[in-house]
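User: Got a minute to walk me through this one? I'd like the overall layout, then the pocket, then some side chains.

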Amino acid sequence: MTIQTTTARPGTSASDVAALAGRILLAAIFVLSGLSKVAAPAGTIGYIASAGLPLPQIGLAIAVIVELGGGLALVAGFRARFVAAVLALFSLATALAFHNHLADQNQFIHFFKNVAMAGGLLQVVAFGAGRFALDRR
């Protein structure tokens, strides 16, 4: 006797649904952040410049491409392992560049939020996107 773990579709397992939900939840912060950068580029350029990074306009373009493009690709499960690796590296780089004042509790929280996101993304790198992904087609 087989017990079905979900009623989404015959043969669908809870892990299939969890993999999709996990990708959506991981990608949400990137998509929203990318959209906010598109909506208010001057603020982002100023923030990048205030961190002492060179070429803030190029940094903005890279951030929008990685966050918005990568986030949407992750939701779709398109080249999910590669995209998740890029987003994990981006998360760690932004933690180090923008949230490195760990004596400030807010920066401490943001730093480890980025580290935790990288950990979740590495799960996608390790195990793939799951059944509901363009990679499976």
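Analyst: Sure, here is a walk through the fold, the pocket, a few contacts and the backbone.

User: What should I know about the source first?
Analyst: This is a predicted model, where local features need pLDDT of at least 70, side-chain atom pairs count only at pLDDT 80 or more, and totals for chains, interfaces and linings use all residues. Residues are numbered from 1 along each chain as its sequence is written, and side-chain values use heavy atoms, with hydrogens and water left out.

User: Ok, how many helices and strands in the protein?
Analyst: Five helices and zero strands, so the order from the N terminus is α-α-α-α-α. Helices here are DSSP runs of H or I with at least four residues, strands are E runs of at least two, and numbering starts at the N terminus. The C-alpha trace spans about 60 × 30 × 20 Å along its principal axes.

User: And what share of the residues is buried?
Analyst: Buried residues make up 32% of the 137. Buried means under 20% relative accessible area, exposed means over 50%, and partly exposed is in between, with a 1.4 Å probe and protein chains only.

User: Now the pocket. How much space is in the largest one?
Analyst: About 620 Å³. A pocket is an open set of points on a 1 Å grid over the protein atoms alone, where a 1.4 Å probe fits, with protein on both sides within 12 Å along at least five of seven lines. Points are joined across faces, edges and corners, and the volume is the space filled by probe spheres set on them.

User: Which residues lie nearest its centre?
Analyst: Lys37, Glu67, Phe90, Thr94 and Phe98, out of 25 lining residues; lining means having an atom within 4 Å of a point. The elements that give two or more residues are H1 (14-39), H2 (41-50), H3 (56-76), H4 (80-98) and H5 (105-127). H4 gives the most, with six.

User: Where does His99 sit, and is it buried or exposed?
Analyst: His99 is in the loop between H4 and H5, and at 11% relative accessibility it counts as buried. Its side chain makes a polar contact with the side chain of Gln107 at 2.8 Å. A polar contact is a pair of N or O atoms within 3.5 Å; within protein, one must be able to donate a hydrogen and the other to accept it, and residues adjacent in sequence count only if both atoms are side-chain atoms.

User: How many aromatic pairs?
Analyst: Three. Rings of Phe, Tyr and Trp (its six-membered ring) pair if their centres lie within 6.5 Å; planes under 30 degrees apart count as stacked, over 60 as edge-to-face and the rest as tilted. Tyr47 and Phe98 are stacked, at 5.1 Å centre to centre and 20° between the planes. That pair joins H2 to H4, with the two residues 51 apart. Tyr47 is partly exposed at 41%, whereas Phe98 is buried at 17%. Phe111 and Phe112 pair edge-to-face, at 5.0 Å and 75°, and Phe108, Phe111 and Phe112 form one aromatic cluster.

User: Last thing, the backbone. What is the phi of Leu55?
Analyst: Near 50°, a positive value in a residue other than glycine. Leu55 is in the loop between H2 and H3 and is exposed at 55%. Arg79, in the loop between H3 and H4, also has a positive phi of about 50°.
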